[in-house]
Amino acid sequence: IRLDVDTSYTIAAASRARAALSLRNAADAESLLTVAGVRRSAGDASDLDVDVARISAGRARNTAIADSMTAVAALLDLQQALGLSAAEPAIALGDTLAVPAMDSVGATGVALPVAAAQRDLQSAEQTLALEKRGMWSGLALQAGFENHDPTGGEPGILPTFGLSTPLPLFNRAQGAIPLAAADRERAKVELAAAQRESAALASRARRDLIAARLRVARDRELVATAERVARLSLRAYAEGAYPLTTVLEAQRNARDTLVELIDDLVAANTAAAALRLYAGTTIP
């Protein structure tokens, strides 16, 4: 449940970032349409340029609407994972997507699946001990006295003692004890399997986190370059130096690069959540 909530939060944050990016792309497309109309009025652009810019702006608006709806759906999924009503948005995300730090990756604790397997083994051992003690549960020792013989044959106080033993005595619980012992051995095997599986999953999550951090660093450099190219190409188009297709290509490259950055941030945060679960690691 903790992993599902953590992942749902990451998905909701990514959906919000994509929706914000789509709104900005729609605004840029509208600006490009305005520039194309001004250039056509000045005789520097054709009707074809305006039509292409209008199509691009319309598609950008549709994408912005779809991404906004996806962001709302992701937020409702997060509310449902938190046990809240999923009818209407009732919470607001307080964090933005960021790269998880690697400072505490080496500090490992007990993974949740391993801790659960340890509890199962402890329960099986206690059940076995209880079954072993239960084989002597039929023994009973009684002591007392009688002080009134209704027949009158024994005046005074008569001490009484009694000892009861179940028959057979030495082969009681011969079915329950082996069954409890088998459950204990099964719990030991499951604990060993959980330890191996958690170690493998933690190792993979650590590799995924390192790789995602490297991709994010490269993405940020590419985003800065792509956004600069998009701005310069729009300015060059407004001045008549570049064709419209060059501007559209530059804007598409900038948009795709930003989407890749968001996806890699999601991958990094998802790997960090898995590492917290399977390695007991605290990652700020």
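This report walks through the overall build of a protein and then visits one of its arginines, R39.

## The whole chain

Keep in mind that the structure shown is a predicted model. The protein is made of five helices and two strands. Reading from the N terminus, these elements follow the order α-α-α-β-β-α-α, which places the two strands between α-helical elements.

A few overall values help to set the scene:

| Property of the protein | Value |
|---|---|
| Share of the 284 residues that count as buried | 30% |
| Share of contacts between residues at least 6 apart in sequence that join residues at least 24 apart | 76% |
| Exposed area | about 17300 Å² |
| Share of the exposed area supplied by carbon and sulfur atoms | 57% |

## A visit to R39

Now let us turn to a single residue. R39 belongs to helix α1, which covers residues 2-42. Which residues does R39 touch, leaving aside those up to four places away in sequence? The list is D44, A45, Y237, A238, G240 and Y242.

Two of these neighbours deserve a second look. One is Y237: the charged end of R39 sits over the ring of Y237, at 4.5 Å from the ring's centre. The other is D44, the nearest side chain of opposite charge to R39, at 4.8 Å. R39 is buried but has no salt bridge. A salt bridge needs a side-chain nitrogen within 4 Å of a carboxyl oxygen, so the 4.8 Å to D44 falls outside that cut-off.

## Aromatic rings

How many aromatic pairs are counted here? The count is zero.

Methods
Residues are numbered from 1 along each chain as its sequence is written. This is a predicted model: local features need pLDDT of at least 70, side-chain atom pairs count only at pLDDT 80 or more; totals for chains, interfaces and linings use all residues. Side-chain values use heavy atoms; hydrogens and water are left out. Rings of Phe, Tyr and Trp (its six-membered ring) pair if their centres lie within 6.5 Å; planes under 30 degrees apart count as stacked, over 60 as edge-to-face and the rest as tilted. A charge sits over a ring if NZ of Lys or CZ of Arg is within 6 Å of the ring centre and within 35 degrees of the ring normal. Helices (H or I, at least four residues) and strands (E, at least two) are DSSP runs, numbered from the N terminus. Buried means under 20% relative accessible area, exposed over 50%, partly exposed in between (1.4 Å probe, protein chains only). Contact means heavy atoms within 4.5 Å. Accessible areas come from the Shrake-Rupley method with a 1.4 Å probe; for residues, only the protein chains shown count as cover. Lys and Arg count as positive and Asp and Glu as negative; His and the chain ends are not counted.
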